[in-house]
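Let's take a walk through this fold, stopping at a few spots along the way. Have the structure open and follow along.

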Amino acid sequence: MYAPKDINKAKWLGRDACSARRNIFLLRSTRGTRTGVHLKFFVSRANPTPELELSDPTSTLVDDPTAVMPDSDPTAADAEWKKIQQNTFTRWINEQLKPAGKYVYNVETDLGDGLILIALLDQLIASDGRSPDLPRCNKRPVFKSQRLENISIVLKKIEDEQIRLVNIDASDILKGNLKLILGLIWTLILKYQISLDSSSKTPKQAMLEWINTVLPDRCITNFTTDWNDGIALSALINFCDPTLLTNVKSLDPASALDNCTHAIQLAKDKFEIPQILDPADMNNPKVDELSVMTYLSYFPRKGGPGWKTTLNWVRNKVPELNVQNFQSDWNDGRVLCALAEAVAEGACPEWRELNKDEKLANCQKGIEAGTKLGIKPTLSAQQLMSHDVKEHDVLFYAVHFQLFELKQ
């Protein structure tokens, strides 16, 4: 452990905690300024007397979150993808914190007083159109008890948000348990960013299904190596706006890093998708799949380019119904019936005469019309007519009609 060069100036009078603190004062006095020495006391069964260890806080590069897991660590063969995950999750947090004017350099150390977590949860809940309504916290937590109290407030609110927390408590975050902290961040990403909760599919399965639907010429089976050459991402951008990339089929896999760099920059410039994933990381065979999922989730989420593309297509197909979303506007079944008729004349010609109050019958009629076209239903009539239907479920179903037309 690193120790200041002038450590010999200290005159140690004992090994107990009080003596140690007194002599640290002597050390500071000889220099005239604070040395920034950190104290850590260790007690073992063989030596019950607390031993003092000195460390320099500047030895950890807080502006380099990759420094906490160096590749040279022989016990961390998987450190490369962990660094990618840490970097990606840190950038994702900072995107959420922009409205609050806050910033995280290192998730291992910067969450320890609970204030960043409180600000993060505030923004996530507010972005969902709700009031955070968090209890009062310690704005200037000096003592350990105050920091623990702040973190406990956040964890309690997270549980109130129906997010299941496993094997993590306030002390883990205070101590900087990186594995558990990244796990906590991932649960927040799943809830508020990816939001692909389903009773029949995992978020990974749901996202893979959407991607393979909009990219029928590619067989995407994972969120790691299938994205390394940048061609799949380029094809996804092309789906969202065919005018941006007209040479997708001629892209050279050997120019993988260039492909990734161009695609990620284009997504940022044209779709305002933040660069939470570095092009070199996407190009890395050891890229973390959770990081790729987090980045790609910006495309189909509400307001994203994939969402807008399909919504605009639906609006052009059935302009009479003024469709604004993939939820309430679909509950009475008329949009689905009209869409089936729009992509295949004769599929549901009676849609204009349908009674909007007969929701279940209309939804069933629309699903049957799609089935006759070879479009497999991804949700039931009961689900479609429900006010609680998930927007992404309807979006993913509508995409099949969009691709049906493109194939004709």
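**A tour from the inside out**

Thr88 is a good place to start: its relative accessible area is 0%, so it counts as buried. Keep in mind that this is a predicted model. You'll find Thr88 in helix 2, which covers residues 79–97. Who does it touch? Setting aside residues up to four places away in sequence, Thr88 is in contact with Ile276, Leu277 and Ser291.

Now zoom out for a moment. The protein has 16 helices and 2 strands. Of its 408 residues, 46% count as buried. Look too at how the chain meets itself: among contacts between residues at least 6 apart in sequence, 54% join residues at least 24 apart.

Next, the inside. In soluble globular proteins, nonpolar side chains tend to be buried together. Here the largest nonpolar core has 114 residues. Which of them touch the most other members? Those are Trp227, Leu233, Tyr295, Leu296, Phe299 and Trp330. As for secondary structure, helix 6 (residues 178–194) gives the most to this core, with 10 residues.

While you're at helix 6, click on Leu184, which lies in that helix. With a relative accessible area of 3%, it falls under the 20% cut-off, so Leu184 is buried. Leaving out neighbours within four places in sequence, Leu184 is in contact with Leu117, Leu155, Ile158, Leu165, Ile168 and Ile173. Take Leu165 from that list: Leu184 and Leu165 are 19 residues apart in sequence, and their C-alpha atoms are 7.5 Å apart in space.

Leu296, one of the well-connected core members, is worth a click as well. Not counting residues up to four places away in sequence, Leu296 touches Met207, Ile211, Phe223, Trp227, Leu233 and Leu236. Two of these names, Met207 and Ile211, come back in a moment, in the contact between helix 7 and helix 11.

That brings us to helix packing. Two packed helices are described by the angle between their axes and the distance between the axes. Try helix 7 (residues 203–214) with helix 11 (residues 289–296): their axes come within 12 Å and cross at roughly 55°. Helix 7 and helix 11 are therefore oblique to each other. Helix 7 passes helix 11 in a left-handed crossing. On the helix 7 side, the contact is made by Pro203, Lys204, Met207 and Ile211, and on the helix 11 side by Glu289, Met293 and Leu296. Sorted by class, this contact of helix 7 with helix 11 has 5 nonpolar, no polar and 2 charged residues.

Stay on helix 7 and find another partner, helix 16 (residues 391–407). These two pack at an angle of about 15°, with their axes 9 Å apart. How do they lie, then, parallel or perpendicular? An angle under 35 degrees counts as roughly parallel, so helix 7 and helix 16 are roughly parallel to each other. Here too, helix 7 makes a left-handed crossing as it passes helix 16. From helix 7, the residues in the contact are Ala206, Glu209, Trp210, Thr213 and Val214, and they meet Phe396, Val399, His400 and Leu403 in helix 16. By class, that contact has 6 nonpolar, 2 polar and 1 charged residues.

For one more pair, go to helix 12 (residues 305–317) and helix 13 (residues 334–343). Their axes come within 9 Å and cross at roughly 75°. That angle makes helix 12 roughly perpendicular to helix 13. Trp313, Val314 and Lys317 of helix 12 make the contact with Val335, Leu339, Ala342 and Val343 of helix 13. The class count for helix 12 with helix 13 is 6 nonpolar, no polar and 1 charged residues.

Last stop, the loops. Most residues other than glycine have a negative phi. Asn322, in the loop between helix 12 and helix 13, has a positive phi of about 50° although it is not a glycine. Its relative accessible area is 47%, so Asn322 counts as partly exposed. Ser195 sits in the loop between helix 6 and helix 7. Ser195 isn't a glycine either, and it has a positive phi of about 50°. At 28% relative accessibility, Ser195 is partly exposed.

How values were computed:
Residues numbered from 1 in each chain as written. Predicted model: local features only at pLDDT ≥ 70, side-chain atom pairs only at ≥ 80, totals over all residues. Heavy atoms only, no water. Core = buried A, V, L, I, M, F, W, Y, C linked by side-chain atoms within 4.5 Å. Buried < 20%, exposed > 50% of the residue type's maximum accessible area, 1.4 Å probe, protein only. Helix = DSSP H or I, 4+ residues; strand = E, 2+ residues; numbered from the N terminus. Contact = heavy atoms within 4.5 Å. Axes fitted to C-alpha atoms, helices over the stretch in contact; angles between N-to-C directions. Parallel < 35°, antiparallel > 145°, perpendicular 65-115°, else oblique. Left-handed = near helix turned anticlockwise from the far one by under 90°. Nonpolar A, V, L, I, M, F, W, Y, C, P; charged D, E, K, R; others polar.
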